[in-house]
Amino acid sequence: EIFEQNGSALGRDLENWTQAERELVWKPAFELHEKDGRFHLEAAIPGVEAKDIDIEVTPEDIVLTAETRHEHTERKGIVHYCEFQSGTMFRAIHLPKRINPEKVKAEFKNGLLRLTAEIAEARAKPAKPEAA
């Protein structure tokens, strides 16, 4: 639809592609900070129910996904302008240090997801055998 609306003007393909991508997949804003041996992640995910957010955790990454739906019905009357979107929310966050996936806690309140993850203890390197 975007390509049909904007025409196939030379040089607009990338702009059209990024606009289409934004309409299909949206990335929530987030902040990641470290304190007292833990990572603290806050992600703004307004308009989504907690039960609809999928959180995948590995030792090196946190991946957030959700489906959003916004529909217009006749009971709303005539919609003159709407910036709400339906689509997929996706955010992959690569962590600067490994975490323990078993020790991640999540809380979702007022559209803000808060995760706390314990940083995995660095393993001591085994001693090298001495040369004879």
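**Entry 1: Thr68**

I started at Thr68 and found its place in strand 5. I noted that this is a predicted model. Is Thr68 buried or exposed? I looked up its relative accessible area, which is 10%. Buried means under 20%, so Thr68 counts as buried.

Next I listed what Thr68 touches, leaving out residues up to four places away in sequence. The list holds Trp26, Val48, Gln85, Ser86 and Gly87.

**Entry 2: the sheet**

I turned to an open sheet of 4 strands. Which order do the strands take? I read it as 2-3-8-7, with antiparallel pairing. Strand 2 (30-35) and strand 7 (99-109) stand at the edges. Each has a single partner strand, so one side of each is left without a neighbour in the sheet. I also noted the twist, which averages 15° from one strand to the next.

I wrote a reminder to myself on how such strands hold together. Strands of a sheet pair through backbone hydrogen bonds, either parallel or antiparallel.

**Entry 3: strand 3 beside strand 8**

I checked strand 3 (residues 38-44) against strand 8 (residues 112-119). How many bridges join them? I found 7, and the two strands run antiparallel. I then picked out two pairs. Arg38 has Glu118 in strand 8 as its bridge partner. Ala43 stands opposite Leu113, also in strand 8.

**Entry 4: strand 7 beside strand 8**

I moved to the other pairing of strand 8. Strand 7 is joined to strand 8 by 7 bridges, and these strands run antiparallel. Here Ala106 stands opposite Leu115 of strand 8.

What do strand 7 and strand 8 form together? They make a hairpin, with 2 residues between the strands. I looked at Asn110 in the turn and noted a positive phi of about 55°.

**Entry 5: the core**

I went inside. The largest nonpolar core has 17 residues. Those with the most contacts inside it are Ile45, Ile62, Leu64, Leu95, Leu113 and Leu115. Strand 3, strand 5 (61-68), strand 6 (87-94) and strand 8 each supply at least two residues of this core. Which strand gives the most? I found that strand 8 does, with 4 residues.

I added a general note here. In soluble globular proteins, nonpolar side chains tend to be buried together.

**Entry 6: Ile45**

I ended with Ile45 of that core. Which residues does Ile45 touch, not counting those up to four places away in sequence? I listed Trp26, Pro28, Ile53, Leu64, Met89, Phe108, Gly111 and Leu113. Trp26 was already in my notes, as a residue that Thr68 touches. Leu113 was there too, opposite Ala43.

Technical notes: Residues are numbered from 1 along each chain as its sequence is written. This is a predicted model: local features need pLDDT of at least 70, side-chain atom pairs count only at pLDDT 80 or more; totals for chains, interfaces and linings use all residues. Side-chain values use heavy atoms; hydrogens and water are left out. Two strands pair if DSSP finds at least two bridges between them. Axes are lines fitted to C-alpha atoms, for helices over the stretch in contact, and angles run from 0 to 180 degrees between N-to-C directions. A nonpolar core is a set of buried Ala, Val, Leu, Ile, Met, Phe, Trp, Tyr and Cys residues joined through side-chain atoms within 4.5 Å. Buried means under 20% relative accessible area, exposed over 50%, partly exposed in between (1.4 Å probe, protein chains only). Contact means heavy atoms within 4.5 Å.
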